[in-house]
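Thanks for coming. I have one structure to go through this morning, and I will take it piece by piece.

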Amino acid sequence: MSDATERPAVDDDAWATACAEDLEAEKARRRAQYGPPPGSAGEELRKLLDAVADKVSSFQTSLPGMAAQNTVQQLVNQARAAVEPVIERNPEVFDHLTAAGGELLAAYRSAVEGHERRWTQRPTASKDDQDPRDDGPGASEHIDLD
């Protein structure tokens, strides 16, 4: 075969390669626009504890404020001491707790919406109790006002 009639080398999985490249480009664009994506629930909890500890340590107020600052700092340290080992050994625990909390919230929302729907609906009465004029537009009736 001559070079003119040979087929060019074809990537067997060109579609998958193109999709992967597009996905990486979109991820890079989103990172540039929105910053890094949030981490796991355990990492986010660790960041929250660090932020609270930093904020508490930045308070410089009077003596009662110092006592409150020390108390809050002690609580933050206790929370960190309780949470850190769990985050280290089982980081997926907080992901499961987050998912469970979301499911509980969805169940609560569904129950509340169901009750609200029942409360706002007009109660249905039997046909004997209804006024025939409430049936909506019917035959026209001429009223003589003279």
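Before anything else, a word I will use repeatedly: two residues are in contact when they have heavy atoms within 4.5 Å. With that in hand, take A41. Setting aside neighbours within four places in sequence, A41 is in contact with F94, D95 and T98. I will come back to A41 shortly.

I should say early that this is a predicted model. The mean pLDDT over the chain is 77, and 73% of the residues score at least 70. Confidence is highest in helix α1, residues 14-34, with a mean of 90. It is lowest in helix α3, residues 63-89, where the mean is 77. As a general caution, where pLDDT is low, the predicted coordinates should not be read in detail.

Now the overall layout. The chain has four helices and zero strands, so the order along the sequence, by the DSSP runs, reads α-α-α-α. Of its 146 residues, 8% count as buried. The chain exposes about 12,800 Å², and carbon and sulfur atoms supply 57% of that area. As for how the chain meets itself, consider contacts between residues at least 6 apart in sequence: 53% of them join residues at least 24 apart.

Helix α1 next. It has 21 residues and runs 30 Å from its first C-alpha to its last, close to the 30 Å expected at 1.5 Å a residue. After α1 comes G35, which has a positive phi, near 90°.

Which residues make up the largest nonpolar core? There are five: A41, L49, V83, I87 and F94. Helices α2, residues 41-58, and α3 are the elements that give two or more residues to this core.

Back to A41, then, which is found in helix α2. A41 and I87 are 46 residues apart along the chain, and their C-alpha atoms are separated by 9.2 Å. Both A41 and I87 belong to the core I just listed, and so does F94, one of the residues in contact with A41.

The last residue is E88, which sits in helix α3. Is E88 buried or exposed? The cut-off for exposed is over 50% relative accessible area. E88 has a relative accessibility of 55%, so it counts as exposed. The side chain of E88 also makes a polar contact of 2.8 Å with the side chain of R46. E43 is a further residue to look at here: E88 and E43 lie 45 residues apart in sequence, with 10.0 Å from C-alpha to C-alpha.

To close, the two residues to find on the screen are A41, in helix α2, and E88, in helix α3.

Note on methods. Residues are numbered from 1 along each chain as its sequence is written. This is a predicted model: local features need pLDDT of at least 70, side-chain atom pairs count only at pLDDT 80 or more; totals for chains, interfaces and linings use all residues. Side-chain values use heavy atoms; hydrogens and water are left out. pLDDT is the predictor's confidence in each residue, from 0 to 100. The expected span of a helix is 1.5 Å times one less than its number of residues. A nonpolar core is a set of buried Ala, Val, Leu, Ile, Met, Phe, Trp, Tyr and Cys residues joined through side-chain atoms within 4.5 Å. Buried means under 20% relative accessible area, exposed over 50%, partly exposed in between (1.4 Å probe, protein chains only). Accessible areas come from the Shrake-Rupley method with a 1.4 Å probe; for residues, only the protein chains shown count as cover. A polar contact is a pair of N or O atoms within 3.5 Å; within protein, one must be able to donate a hydrogen and the other to accept it, and residues adjacent in sequence count only if both atoms are side-chain atoms.
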